Amino acid sequence: MSYPESRPRRLRRTPAIRRLVSETRVDPAELVVPMFVKEGLTEPRAIRSLPGVLQHSRDSLRKAAAEAVQAGVGGIMLFGVPEHRDPTGSGGIDPNGILNVAIRDVVAEVGDDTVVMSDLCLDEFTSHGHCGLLTPSGDVDNDATLEAYAEMAVAQADAGVHMVGPSGMMDGQVGVVRRALDAAGHQDVTVLAYAVKYASAFFGPFREAVESALEGDRRSYQQDPANVRESLREVALDVAEGADLVMVKPALPYLDVVSAVRAAVDVPVAAYQVSGEYAMVEAAAANGWIDRERVMLETLTSIKRAGAQVILTYWAVEAAQLLRERY
Ligand code: PBG
């Protein structure tokens with residue numbers, strides 16, 4: 001009988017040893033919580049497919065933002081749900097549109113205590129639900145959409161946002177947004193580029209959260225799940241155009257992409273654990289099939305281990321609280 005001389009199990013023996021040699025720790029300061037605010041609501045409303053996530057009223061959003069700061073999260077990503085939509089998504093640009101109003105509310109509430117971010121995309125505001133303007137034949141018009149994004153970026157910056165998140169996957173969007181911000185005197189507003197965004201079925205519950213009007217799909221502008229090299233090209237373009245951070249989305253089914261992007265660039269890399277990833281775990285946990293908290297933290301640890309330094313997750317506030325108890 002021969003025994004192994006190298007015994008990795010020695011480093012797993014006690015909680016203290018495991019803690020000492022742990023390679024990856026998720027820090028609450030790296031978690032960003034997405035929040036939805038709906039125009040005209042007086043009370044927050046539940047979202048059926050995202051248990052525990054709310055469509056906020058303006059008031060409840062302010063309170064939730066303050067609680068998120070209290071929990072120590074690194075940022076808040078805002079999404080607006082308008083009462084009325086039109087083909088050009090004008091509510092996204094209007095300074096009195098719900099998202100711009102919500103930015104002002106949240107900035108007034110939390111100041112610089114966390115990073116206030118906003119989704120920079122037209123899909124919540126268009127009557128057809130696409131991320132951009134349509135040509136007469138119904139295609140998404142890249143360059144006309146860029147002009148709208150430029151205006152939207154300036155409106156969000158005027159409202160006081162710290163970081164804009166262009167997420168519509170139009171070619172050239174980062175450069176156009178950067179130039180528009182600079183020209184309007186907003187050189188200090190940061191661009192978190194949704195550089196890599198797949199045409200993913202994992203966005204399903206989000207569509208309910210924002211009451212998306214989309215019929216059809218986004219495959220002519222979001223990426224094919226089969227591709228990884230394409231992501232490196234997207235990231236290189238966004239960095240060249242002035243992206244301060246780059247994001248990969250979804251997260252868990254694309255950890256290889258997170259890792260490849262991390263190796264390719266030296267700007268901070270973010271990953272978005274999207275609505276379907278969250279819903280899947282919540283649904284299994286509600287059935288008693290998995291341990292909700294352990295799975296939650298395991299997914300976040302895995303996303304960080306793959307190379308994401310910033311993680312957007314609907315669990316951000318709860319995870320931040322759990323992690324603070326733990327360390
Ligand atoms: C676009 C946007 C989407 C998500 C974030 N920003 C929807 C889409 O691209 O189809 C999805 C986020 C999620 O599923 O949690 N405004």
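## Asp238 and its surroundings

Apart from neighbours within four places in sequence, Asp238 is in contact with Val174, Ala193, Tyr194, Ala195 and Ala243. In this predicted model, Asp238 is located in helix α7. Asp238 is buried and yet has no salt bridge. The nearest side chain of opposite charge belongs to Arg179, at a distance of 11 Å. A salt bridge requires a side-chain nitrogen of Lys or Arg within 4 Å of a carboxyl oxygen of Asp or Glu.

## Salt bridges between distant parts of the chain

Side chains of opposite charge can pair when their charged atoms come close. Eleven salt bridges are found in a search of the whole structure. One of them joins Glu30 to Lys304, with 3.0 Å between the closest N and O atoms. Glu30 belongs to the loop between α1 (15-21) and β1 (31-38), whereas Lys304 belongs to helix α10 (residues 292-306), so this salt bridge ties together parts that lie 274 residues apart in sequence. Glu30 has a relative accessible area of 19% and therefore counts as buried, the limit for that class being under 20%.

The side chains of Asp123 and Arg218 also meet in a salt bridge, at 3.3 Å from N to O. This pair links distant parts of the chain, 95 residues apart: Asp123 is in the loop between β5 (115-120) and α4 (142-158), and Arg218 is in the loop between α6 and α7. Both Asp123 and Arg218 are buried.

## The network around Glu211

A network of salt bridges links Lys38, Arg45 and Glu211. Between Glu211 and Lys38, the closest N and O atoms are 3.3 Å apart. These two residues are separated by 173 residues and connect distant parts of the chain, with Glu211 in the loop between α6 (204-209) and α7 (229-240) and Lys38 in strand β1. The two partners fall into separate accessibility classes: Lys38, at 11% relative accessibility, counts as buried, while Glu211, at 29%, counts as partly exposed.

Glu211 also has a backbone feature to note. Its phi is positive, at about 55 degrees, although Glu211 is not a glycine.

## Further backbone features

Met169 is another residue other than glycine with a positive phi, in this case near 60 degrees. Met169 is placed in the loop between β6 and α5. With a relative accessibility of 6%, Met169 counts as buried.

Lys249 and Pro250 are joined by a cis peptide bond, for which omega is about -5 degrees. Pro250 lies in the loop between β8 (245-249) and α8 (255-264).

## A negative patch on the surface

Asp143, Glu147, Glu151 and Asp171 gather on the surface in a patch of negative charge. Asp171 occupies a position in the loop between β6 (163-166) and α5 (173-183). Its relative accessibility is 53%, so Asp171 counts as exposed. Residues of such a patch have no salt bridge. Asp238 likewise has no salt bridge, but Asp238 is buried, whereas Asp171 is exposed.

Conventions: Residues are numbered from 1 along each chain as its sequence is written. This is a predicted model: local features need pLDDT of at least 70, side-chain atom pairs count only at pLDDT 80 or more; totals for chains, interfaces and linings use all residues. Side-chain values use heavy atoms; hydrogens and water are left out. Patches are made of residues with over 30% relative accessible area and no salt bridge: like charges are joined within 9 Å, nonpolar side chains (Val, Leu, Ile, Met, Phe, Trp, Tyr) within 5 Å. Accessible areas come from the Shrake-Rupley method with a 1.4 Å probe; for residues, only the protein chains shown count as cover. Lys and Arg count as positive and Asp and Glu as negative; His and the chain ends are not counted. The place of a charge is taken as NZ of Lys, CZ of Arg, CG of Asp or CD of Glu. Helices (H or I, at least four residues) and strands (E, at least two) are DSSP runs, numbered from the N terminus. Buried means under 20% relative accessible area, exposed over 50%, partly exposed in between (1.4 Å probe, protein chains only). Contact means heavy atoms within 4.5 Å.
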